[in-house]
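Here are a few short exercises to work through with the model open in your viewer. Try each task before you read its solution.

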Amino acid sequence: MFGLQLNSFEFKNFFVQRIGKNTFVWRLVEFMQGISYSLDYLLYYRWKLISNRSSITEINIEFVSYCNLRCTLCSLDHDKPKIRMSEETLKHFFEDFLNDNHFRSVKTIHLYNAGEVLLHPKMEVMLSIIKYYKQLAKEKGIAFPQIALLTNATILDEKHTEILINSEVLDNIRFSMDGGSREKFEEMRVRAKWDIFVNNINNFCEKNNSSKKRIPTGIITLIGYENKMNTKWMSEEFKILLNTVDGYELRYAHNWGGDVEIKELKNKTKKSYKIGCSLLMHQLVLLPNGDITVCCADLNSKGAIGNIKKEKLYAIYNKPQRKEMLMKFIKGKKQKIELCKDCETF
């Protein structure tokens with residue numbers, strides 16, 4: 001979509017934008033996802049017919065564990081320890097990642113999770129490390145994943161703009177812009193100021209459009225369930241900014257594994273008809289301290305199953321507790337998985 005690679009969650013949102021959330025069609029989509037999950041489970045874990053590759057297609061890397069905003073629909077615990085990823089941890093990850101052929105299936109590395117990536121004080125250094133391994137992979141004839149970055153853009157000043165554009169690392173960048181109007185934006189994204197945000201986006205796009213290696217841009221917008229999945233009801237200034245970038249994606253909020261209460265989703269989390277979770281099957285998340293958690297919806301590290309400073313990434317991927325979670329989804333025992341039981345699943 002718009003030159004940006006979609007994960008399975010984003011595909012569903014892209015799909016609903018075009019057909020609406022019709023119950024029959026939606027259940028059909030989730031039924032097909034269940035078939036895909038079941039097939040992956042059999043091939044990678046039960047029958048082990050695919051043993052030279054992992055089932056992981058995307059990895060999130062969280063540079064910092066904290067954020068400068070207090071968004072109303074975010075589950076991040078702002079009282080938890082504030083941790084920044086060290087250069088050594090990032091290098092350790094990529095050494096392991098590049099030297100293990102099991103992860104050649106990874107198509108995208110996302111430079112975000114719960115924390116705001118631009119808050120890392122050594123952003124330029126961290127990107128230079130990724131650039132080094134990107135070049136090293138090229139020299140070894142190894143396909144390197146697409147590098148995607150998502151930011152709230154509130155501190156996307158001149159310095160950060162130059163760092164990102166000149167890094168020659170990013171394959172796409174997206175900005176979080178919720179609401180549909182100036183007022184709703186500031187209501188949902190507490191501490192963010194609309195005028196500063198707009199200025200930052202316009203400045204970035206202007207610099208980016210004139211750069212030698214332009215980075216594809218996008219916007220992700222959360223909207224209330226009372227609104228239709230289109231832009232007709234939005235304010236003009238909001239729509240103008242949406243059309244400043246290469247593409248945008250509208251989403252209804254989800255409940256972050258049950259950590260955020262959304263009245264429209266109340267009593268709709270069991271989904272007994274649904275099999276599997278594509279995020280659990282295809283994702284891993286590297287946290288700032290080196291921990292690995294199993295899902296990007298796990299903003300507070302409840303699903304951490306290992307640490308790359310102590311174990312190889314592939315050994316963590318094969319942890320019994322992760323395999324047990326995958327198996328319980330197959331058996332329709334989602335309610336028995338502590339991390340997932342209250343999630344509406346994707």
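**Exercise 1: Surface and overall build**

In this predicted model, the protein exposes about 16,200 Å², and carbon and sulfur atoms supply 52% of that area.

Task: Work out whether the radius of gyration of the protein agrees with that of a compact globule.

Solution: Start with the chain length, which is 346 residues. For that length a compact globule would have a radius of gyration near 20 Å, and the protein has 20 Å, so the two agree. Next, look at the extent: along the principal axes, the C-alpha atoms fill a box of roughly 55 × 50 × 35 Å. Then turn to burial, where buried residues make up 56% of the 346 residues. Finally, take the contacts between residues at least 6 apart in sequence: 72% of them join residues at least 24 apart.

**Exercise 2: Classifying aromatic pairs**

Task: Decide which class the ring pair Y44 and Y45 belongs to, then do the same for W194 and F238.

Solution: Ring centres must lie within 6.5 Å to pair, with planes under 30 degrees apart counting as stacked and over 60 as edge-to-face. By this rule the protein has 20 aromatic pairs. The centres of the Y44 and Y45 rings are 6.4 Å apart and their planes meet at 50°, so this pair is tilted. Both Y44 and Y45 are buried. For W194 and F238, the centre-to-centre distance is 5.7 Å and the angle between the planes is 15°, a stacked pair. This pair links distant parts of the chain, as W194 sits in helix α7 (residues 194–209) and F238 in helix α8 (residues 236–242), 44 residues apart. Both W194 and F238 are buried.

To finish, place Y44 and Y45 in their wider setting: they belong to one aromatic cluster, whose members also include F93, F94, Y132 and Y317.

**Exercise 3: Following one helix**

Task: Among the eleven helices of the protein, take α5 (residues 158–166) and find which of its residues are buried.

Solution: Go along the helix and keep the residues under 20% relative accessible area. The buried residues of α5 are H160, T161, I163, L164 and I165. Now ask what they pack against: the partners are α4 (123–139), β3 (146–151), β4 (172–176) and α7. Helix α7 is also where W194 of the stacked pair is found. Last, step past the end of the helix: α5 is followed by E168, whose phi is positive, near 55°.

Definitions and conventions: Residues numbered from 1 in each chain as written. Predicted model: local features only at pLDDT ≥ 70, side-chain atom pairs only at ≥ 80, totals over all residues. Heavy atoms only, no water. Phe/Tyr/Trp six-rings, centres within 6.5 Å; stacked < 30°, edge-to-face > 60°. Buried < 20%, exposed > 50% of the residue type's maximum accessible area, 1.4 Å probe, protein only. Helix = DSSP H or I, 4+ residues; strand = E, 2+ residues; numbered from the N terminus. Rg over C-alpha atoms; globule rule 2.2 N^0.38 Å. Contact = heavy atoms within 4.5 Å. Areas by Shrake-Rupley, 256 points an atom, 1.4 Å probe, with all protein chains shown as cover.
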